[in-house]
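Walk through this model one site at a time. Keep the structure open beside the text.

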Amino acid sequence: TMHNGAVFGGYSQGIGNANGNTVNISGGTFGNNIYGGVVKSGTNNDAINNTVQLSGTLNVAEAAIYGGVLQNSLGGDAFTGNTCKYHTIRKSINYL
């Protein structure tokens, strides 16, 4: 199955955090990015303690994989506690 849209575990725009989210993917082809948590704009909002778990037969060669991201955001944390876990991946991963 081909997935062309981005995958978000949590998403906040303007006000609020994207914390403590989990994305589980166990197969398919992904043509866009995979995010545990994203904060788009705002001030001092966090994208922390997010997990992206990948397993099975999948193709994420065209996708970047992020635990947490701040986009156009001032301040905040996108590093603390974010993890990406890989279990028996049978395809390629180009961008982490």
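N50 sits in the loop between β6 (34-40) and β7 (51-55). The model is a predicted one. Is N50 buried or exposed? Its relative accessible area is 0%, so N50 counts as buried, the cut-off being under 20%. The side chain of N50 reaches the backbone nitrogen of G20 at 3.3 Å. That distance falls within the 3.5 Å limit for a polar contact. Leaving aside neighbours within four places in sequence, N50 is in contact with A18, N19, G20 and N21. Its other contacts, on that same count, include G36, G37, G67, G81, N82 and T83.

Next, the nonpolar core. Which residues make up the largest one? The ten are V23, I25, F30, I34, V52, L54, L58, V60, A63 and I65. Three elements give two or more residues each: β4 (22-25), β7 and β8 (58-71). β8 gives the most, with four residues. In soluble globular proteins, nonpolar side chains tend to be buried together.

Take F30, one of the core residues. Not counting residues up to four places away in sequence, F30 touches H3, V7, I25, L58, N59, V60, E62 and A63. Among these, I25, L58, V60 and A63 also belong to the core.

Now look at the aromatic rings. How many aromatic pairs does a search of the whole structure find? It finds three. F8 and Y35 form a stacked pair, 5.1 Å centre to centre, with 5 degrees between the planes. This pair links distant parts of the chain. F8 is in strand β2 (residues 7-8) and Y35 in strand β6, 27 residues apart. F8 is partly exposed, at 39% relative accessibility. Y35 is buried, at 9%.

Y35 also stacks with Y66, at 5.2 Å centre to centre and 10 degrees between the planes. Y35 lies in strand β6 and Y66 in strand β8, so this pair ties together parts that are 31 residues apart in sequence. Y66 is partly exposed, with a relative accessible area of 33%. With Y11 added, F8, Y35 and Y66 form one aromatic cluster.

Finally, confidence. The mean pLDDT of the chain is 90, and 91% of its residues reach 70 or more. Where is confidence lowest in the chain, and where is it highest? The lowest is in strand β10 (residues 93-95), at a mean of 61. The highest is in β6, at 97. Where pLDDT is low, the predicted coordinates should not be read in detail.

Conventions: Residues numbered from 1 in each chain as written. Predicted model: local features only at pLDDT ≥ 70, side-chain atom pairs only at ≥ 80, totals over all residues. Heavy atoms only, no water. Buried < 20%, exposed > 50% of the residue type's maximum accessible area, 1.4 Å probe, protein only. Polar contact = N/O pair within 3.5 Å; in protein donor to acceptor, adjacent residues only side chain to side chain. Contact = heavy atoms within 4.5 Å. Core = buried A, V, L, I, M, F, W, Y, C linked by side-chain atoms within 4.5 Å. pLDDT = per-residue confidence, 0-100. Phe/Tyr/Trp six-rings, centres within 6.5 Å; stacked < 30°, edge-to-face > 60°.
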